[in-house]
Amino acid sequence: MSGQKIVRLKIRRQNAPDQPVFWEEFAVDYSPKMNIISCLMEIQKDPVNAQGQKTNPVVWECNCLEEVCGACTMNINGQARQACSALVDQLEQPIVLEPLRKFPILRDLMVDRTIMFENLKRVHAWIDIDGTYDLGPGPRMAEVDRVWAYELSKCMTCGCCMESCPQVNSRSRFIGPAAISQARLFNTHPSGAMHKHIRLSALMGDGGITDCGNAQNCVRACPKEIPLTTSLADMNKEVNKFALKRWLNT
């Protein structure tokens, strides 16, 4: 490696959920425009640490490699972000890689984000289509609504908002900003609105909208710049209106 520019990485490792945590340092040859995934792939090809010792390849998760799937989200120099869009040239070295802390660890940098998908089920974040008849072109949305609704649809369930939220912790069942924003998205859709009451009922329950502490970390952490705090405020209003109507009708 003499004369070759080197990328130095410090990686938090764990062989299994019940195994101890340890740190391992690596040095890989630099290439222009490298991202963190490139560094991890270099380690995978030749898993030797900075001390020249053979080791196990680092485990991580990735899929699209273009900041769309959210699978490669990890803490990079203390910030939750996607490894595919984190460029080495823009990062201070040694680059510290850690798994997300708000999700169960599987191994090394790979975590289990199942809770996020379960939360989407909880708020019925889809439009029911049974396929038994021709639905036709579907109802039109006003352009002014489509524009902001499209911004909400950019959510890739990456977990950055959950990682940054102080209300998401082992003592709380808070459903998190992503699921709440998706409930707003489907409530707004002309077809999705038919199940609006299911989503609002879910957000009235334990871990729902009232558990939001309004820290506003989520909107700053979101890599897609989704207006999460606007969604939280809107759904808080809608849930309160829904609760009042239910109370008046009892």
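The legends below describe close-up views of a predicted model.

**View 1. The protein is assigned two domains.**
The domain assignment places residues 6-111 in domain 1 and residues 113-249 in domain 2. Taken over C-alpha atoms, the centres of domain 1 and domain 2 are separated by 31 Å. Where the domains touch, 15 residues of domain 1 are in contact with 14 residues of domain 2.

**View 2. Five strands make an open, mixed sheet.**
Across the sheet, the strand order is 2-1-5-3-4. Strand 2 (21-29) and strand 4 (79-82) are the edge strands, and each of them pairs on one side only. On average, neighbouring strands of this sheet are turned by 35° against each other, with direction ignored. In a regular strand, side chains alternate between the two faces of the sheet.

**View 3. Strand 1 pairs with strand 2 and with strand 5.**
The pairing of strand 1 with strand 2 is antiparallel and has nine bridges. These two strands form a hairpin, with six residues between them. Within this pair, R8 stands opposite A27 in strand 2. Strand 1 also pairs with strand 5, here in the parallel sense and over three bridges. I11 has L97 of strand 5 as its bridge partner.

**View 4. Strand 3 and strand 4 run antiparallel.**
Strand 3 (residues 73-76) is joined to strand 4 by four bridges. One residue to look for is M74, whose bridge partner in strand 4 is R81. Strand 4 is an edge strand of the sheet.

**View 5. Helix 1 lies across four strands.**
Helix 1 covers residues 36-45 and lies across strand 1 (6-14), strand 2, strand 3 and strand 5 (95-98). The angle between helix 1 and strand 1 is about 75°.

**View 6. Helix 3 packs against helix 5.**
Two packed helices are described by the angle between their axes and the distance between the axes. For helix 3 (residues 143-152) and helix 5 (residues 177-188), the axes come within 9 Å and cross at roughly 150°. Helix 3 is therefore roughly antiparallel to helix 5. The crossing of helix 3 past helix 5 is left-handed. Helix 3 contributes W148, A149 and L152 to the contact, while helix 5 contributes S181, Q182, R184, L185 and T188. By class, the residues of this contact are four nonpolar, three polar and one charged.

**View 7. Helix 6 crosses helix 8 at roughly 100°.**
The axes of helix 6 (residues 196-204) and helix 8 (residues 228-248) come within 9 Å. The crossing angle means that helix 6 is roughly perpendicular to helix 8. On the helix 6 side, the contact is made by K196, H197, L200, S201, L203 and M204. On the helix 8 side, M235, E238, V239, F242, A243 and R246 take part. The contact of helix 6 with helix 8 has seven nonpolar, two polar and three charged residues.

**View 8. Two loops hold backbone details at P94 and T157.**
Most residues other than glycine have a negative phi, and most peptide bonds are trans. The peptide bond from Q93 to P94 is cis, with omega near 0°. P94 is in the loop between strand 4 and strand 5. T157 is a residue other than glycine with a positive phi, near 50°. The loop that holds T157 lies between helix 3 and helix 4 (160-164).

Notes: Residues numbered from 1 in each chain as written. Predicted model: local features only at pLDDT ≥ 70, side-chain atom pairs only at ≥ 80, totals over all residues. Heavy atoms only, no water. Axes fitted to C-alpha atoms, helices over the stretch in contact; angles between N-to-C directions. Parallel < 35°, antiparallel > 145°, perpendicular 65-115°, else oblique. Left-handed = near helix turned anticlockwise from the far one by under 90°. Contact = heavy atoms within 4.5 Å. Nonpolar A, V, L, I, M, F, W, Y, C, P; charged D, E, K, R; others polar. Pairing = 2+ DSSP bridges. Domains from an automatic or database assignment.
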